[in-house]
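The following exercises concern the chains shown below, their cores, sheets and interfaces. Each task is followed by a solution in steps.

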Amino acid sequence: MQIEEKFEPTIVAFCCNWCSYAGADLSGTNRLQYPANVKIIRVPCSCRVNPMFILRAFQRGADGVILCGCHPGDCHYTTGNYYARRRMTLLFSMLDFLGIERERTRLEWVSAAEGAKFAATMNDFVETVTRLGKNRRLEDLRCNK
Amino acid sequence: MQQVIRDKALSLLEAGKVDRVLAWKEGEFFYDQTPHVFKTAEEINRSLVYNGFSAANLSKYLVKETLKDGMIAVFLKPCDTYSFSQLLKEHRIPREKVWAVGIPCDGKLDIDRIRKAGLRGITSIREDGDRLSVSTIYGEKTVAKSDALAERCENCKSRKHIVYDELIGSEGEALDSGRFDAVEALEKMSPEERFAFWQKELSRCIRCNACRNACPACTCEKCVFDNPASGIESKAPASSFEEQNFHIIRAFHVVGRCTDCGECSRVCPQSIPLHLINRKFIKDINEFYGTYQAGENPDERAPLTNFDKDDMEPADAFRKGE
Amino acid sequence: MKKIALQNLPKLFSAISESKALYLPVDTESGAEFRLYREGDTLSEACNTNRSAKDFFFPQVEDMAEFKVEGKKIEVLDIRRESEEFVIFGARACDVKSFEILDSVFLADPVDTYYKNRREHVTVISLACNFPEETCFCSTFGIDAASPAGDVAAWIIDEELYMTALTEKGEAFLSAHAALLSDADESKVDKKKEEIAEICHRLPLQNLPVEHFKAEKLMEHFNDPKWAELSQSCIGCGTCTFVCPTCQCFDIRDFDTGNGIQRYRCWDSCMYSDFTQMAAAQPRLTQLERFRQRFMHKLVYHPANHEGTYGCVGCGRCLAKCPISMNIAKVIKEIGGEK
C-alpha cells in the first residue's frame, strides 16, 4: 500500500517589526504552536511591502503569502498600515481577477500582545492553503528545478 | 476639421506665440500617421493631418519636448487632456511652456478591425458621414464607421476637455460609458475560467514594451524592469510567471494615475486587451474608495496616496464581490 | 509538379503530422499565427502571421545551459537536445528569404549550434501570396511573391494546391506523400504567377528606392540630418525588432533559480536603452542613434558584409505593427530617395 504524502505548503509571512513580529515572538514565549511551514520575513512596517515582494514570494515557491501589521490606528509610523491596506486590497483583488486563488493571500492585523491571535491566524492560514494544494498559477517553473 | 487645425497651427506659429507644433503627420497610407513636431508653415501645409486615424495620444511627448527651449503648441483630444492634466499634476510638464489646443473627437478608428472584416490591401480610406469608403488593391468597399471604431472609443468615457488654453469646437460632457462591462463579465467567471482567459492573452506577450513606452503614466526615467539592480530586470517573458508579473506590476505602478486613455491596448502588436487590467483597478477604486477619475481634478489626492480610517479590508472587498 | 484538392488538405496534414511535427499558420482572434497542427486546424489565408517564422530557428527565449550549485561545487549541465524533425507549411516568400539571411549570420563561423540544430531538421513548404497586402514590399529586395523558395513551393489555385519540389528534401517530402497527390502540369501555375506579378505591380510600396543606399556612401547616410526628424517620435519599444523576420540580436542572461543558474538567451532590441549595456553605459545614448543603427544595419552594414544582400525582406510587419507608424519604408524614401 502506498502512503500518500501530506502536502506541506510553504507560507511566507511578512510581519511588521513593531507589532506582528513581536506578536509572533509572544506566541513563541507562550509556547503556542503554529506550523513550521510559516517563514517569517520581518519588515519595518506593513507599508514597506511592495506588491513585487508578494509576487516574488509566489515565484520562489510560496503557496500562500500573508501580511501582518499593527492594527489600524496603532501604526508605529502613524499611518503606514492604512496605505498598506489600500495597496493590498487592490493587489489581492487583481490577483483574484487574474484567476489566482484568493485564499492564497491574506492581510491580518496582529498586535504585540496578540500572541494567541498570531498562532491562530497562522494555523488557520496553513490549513486553508494546505487544502488548496500547491501554487500552480503564479509559480516560476524554473525555480522548481 | 483638418483645415481648421492647420490654420490654427499656422496662426500660432506666425504670431510667434509658439516655436513648435506637436501634431500628427501623414504617412504612406491614410491610416499610418506619426506624431510629429512641426517647425515650419510649409511643413504644416504639406503634411499635418487630423482624421479618424489620428489616434496617438500626444501628451507624453510633451515631457521630452518641454525640456527644450521655447513654447510648443499641442492638439489634444478630450481623452488626451486627461493624460496631459495628470502629467501636469505630477510635475512632469511645465505648464507655461505648452499652448494646449483642445480639439473635438468623435471616436478614432482601428485599422485592425477594418482588416478583420476581411479587407486586404487597403490603400486609402475616405470618411463619408457614418460610412467609410475603403479603396483596396482588390477593389472598393464600404464599411460602417461604427464597425471600425476602436474599443476605447466605443466605450468613450468623456468628450470633455479637462485642461486647455483654447478650444476648437464646443465643450463636450463626461459620458456614461459601458467601459466596465467587459471587466464585470470577467469577474462573473470562475477563477479557473479567468485564469485560462489571462493565460491565453498574456502568453502572447512578446515583451516589446510598447504598452509601457506608449503609456502617458509610465514616465519613469528608468523603469524597474530595465534596472539590473532591481532583481527582476528581464528582456523576455522567459516564464509564464514573468508574463503575469510584468503586467501586474506595470498596472499597479499606474494605479490611480492611469486615465484609461487606452494607448496600451492600441499599440499592442499582439492585441492583448491590456486595458482590462487597468480598468479592473479603476473599477475597484471606484467601488472601494469612491469614484475617482485620474487627471480630472488636479487638487484631489490619488487613491493610493490617501486613506480613510474606515477603509475596507481585503477580505471585505472579496465579500462585496459575492 | 503535383497537386491536391484543398478539401483533401486535412488528410495531407494528418499524414505529415504522423511522422513529423507540422506547423502552419492558423487564424486566431488576434490574427494569424504559426501553430503546431491540431486536428481540425485550417490553413490561414492571411498574407502574414503576427510573429515571423524566425521563431522556429531562433525562438524568443531559449535555454542554453544549466548550472547546479551545491555549496562551492558548480556542475554544468548540457541541456541541448537533438531537435525533432519538423515541417513548416505555408511560409511566405519573404519569410523563406529571411531564413537565408539568418543563415548568413548564425551559420557563419563560428556556427551557432543551437540554431543549426533546428535548421537542419526542417522541411519548408512555402506558399505563394495570392493576395499581397499594401504593406508588402518584398519586390524591392528582389523577392518574388509568386515564386517562393524553400524545399517545396506551393500555390493555391482555385480549389487546388499545386506543389513542386525545389530541393532533395522537397523531393523526399513529395514522394513520401505521393499517395495523396496527383500529377499536374505547370500551365495553371504559370498563369497564377503572372496574376500575382500583376498585383505586385500595383502595390504602392513595391519599388522603394533602396538602391540609393551604398556602402561607399556609409558616412553620408550615417550623418544624414534627416535621422533626427525620423526618429523624433520613436518611443523606443521593441515592436519592430520582435516582429521582424531578420532581426537577430540577442542577449544571454542568467536566471538565479535559487539552487542554480539557468542560462538562456532571448531576443534583444537595438531600440532599447539597455541594449549592449556595459559597465558605464551602452554606446548609443540617444534614441536617434539607436533608431539609426537599426536601419543602417539593415540597409547599409548588412549588404556591405553579405555581398549586397539587404537585412530586410519587405514583409511589412513593422509597417502594420509600429505604435507610431514610423518604419523602414518611410526611412528608405526619406534617406535613400530624392523626396
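**Exercise 1. Identify the residues with the most contacts inside the largest nonpolar core, and the element that gives this core its largest share.**

Solution. The largest nonpolar core holds 221 residues, and A9(B), V74(B) and I88(C) have the most contacts inside it. Its largest share, 8 residues, is supplied by helix α3 (residues 80–97) of chain A. A nonpolar core is here a set of buried Ala, Val, Leu, Ile, Met, Phe, Trp, Tyr and Cys residues joined through C-beta atoms within 7 Å. A residue is buried if 20 or more other C-beta atoms lie within 10 Å of its own, exposed if 12 or fewer, and partly exposed in between, with C-beta atoms placed from the backbone. Helices (H or I, at least four residues) and strands (E, at least two) are DSSP runs, numbered from the N terminus.

The model is predicted: local features need pLDDT of at least 70 and side-chain atom pairs count only at pLDDT 80 or more, whereas totals for chains, interfaces and linings use all residues. Residues are numbered from 1 along each chain as its sequence is written, and chains are lettered from A and ligands numbered from 1 in the order in which they are written.

For A9(B), the contacts beyond four places in sequence are V21(B), A23(B), F38(B), I44(B), L48(B) and A73(B). Two residues are in contact if their C-beta atoms, placed from the backbone, lie within 7 Å.

**Exercise 2. Describe the fold of chain B and of chain C through their secondary structure, extent and burial.**

Solution. Begin with chain B, which has 13 helices and 9 strands. Its radius of gyration is 21 Å, close to the 20 Å that the globule rule gives for 322 residues, so chain B is as compact as a globular protein of that length. The radius is taken over C-alpha atoms, and the rule is 2.2 Å times the number of residues to the power 0.38. The C-alpha trace of chain B spans about 60 × 50 × 40 Å along its principal axes, and 48% of the 322 residues are buried.

Proceed to chain C, with 11 helices and 12 strands. A compact globule of 339 residues would have a radius of gyration near 20 Å, and the 22 Å of chain C agrees with this. The C-alpha atoms of chain C fill a box of roughly 65 × 65 × 40 Å along the principal axes; buried residues account for 42% of the 339.

**Exercise 3. Determine the strand order of the open sheet in chain C and its edge strands.**

Solution. The sheet has 8 strands in the order β3-β2-β6-β7-β8-β9-β1-β10 (chain C), with mixed pairing; strands pair if DSSP finds at least two bridges between them. The edges are β3 (31–36) and β10 (182–183) of chain C, each of which pairs on one side only. Within the sheet order, β2 (residues 21–28) and β6 (residues 86–91) of chain C pair in the parallel sense over 3 bridges. In this pair Y23(C) stands opposite I88(C) of β6(C), and I88(C) is also among the residues with the most contacts inside the largest nonpolar core.

**Exercise 4. Characterise the contact between the two domains of chain C.**

Solution. An automatic or database domain assignment gives domain 1 (2–202) and domain 2 (210–336) of chain C. Their C-alpha centres lie 25 Å apart. In the contact, 33 residues of domain 1 meet 29 residues of domain 2. On the domain 1 side, β4 (61–70) and α2 (93–106) of chain C give two or more residues, and β4(C) gives the most, with 9. The residues of this side divide into 16 nonpolar, 8 polar and 9 charged. For these classes, Ala, Val, Leu, Ile, Met, Phe, Trp, Tyr, Cys and Pro count as nonpolar, Asp, Glu, Lys and Arg as charged, and the others, Gly among them, as polar.

**Exercise 5. Place T123(B) in its strand, and state its exposure and its contacts.**

Solution. T123(B) lies in strand β6 (residues 122–128) of chain B. This residue is partly exposed, because 16 other C-beta atoms lie within 10 Å. Beyond four places in sequence, T123(B) is in contact with F29(B), S135(B), T136(B) and I137(B), and also with E134(C) and P204(C).
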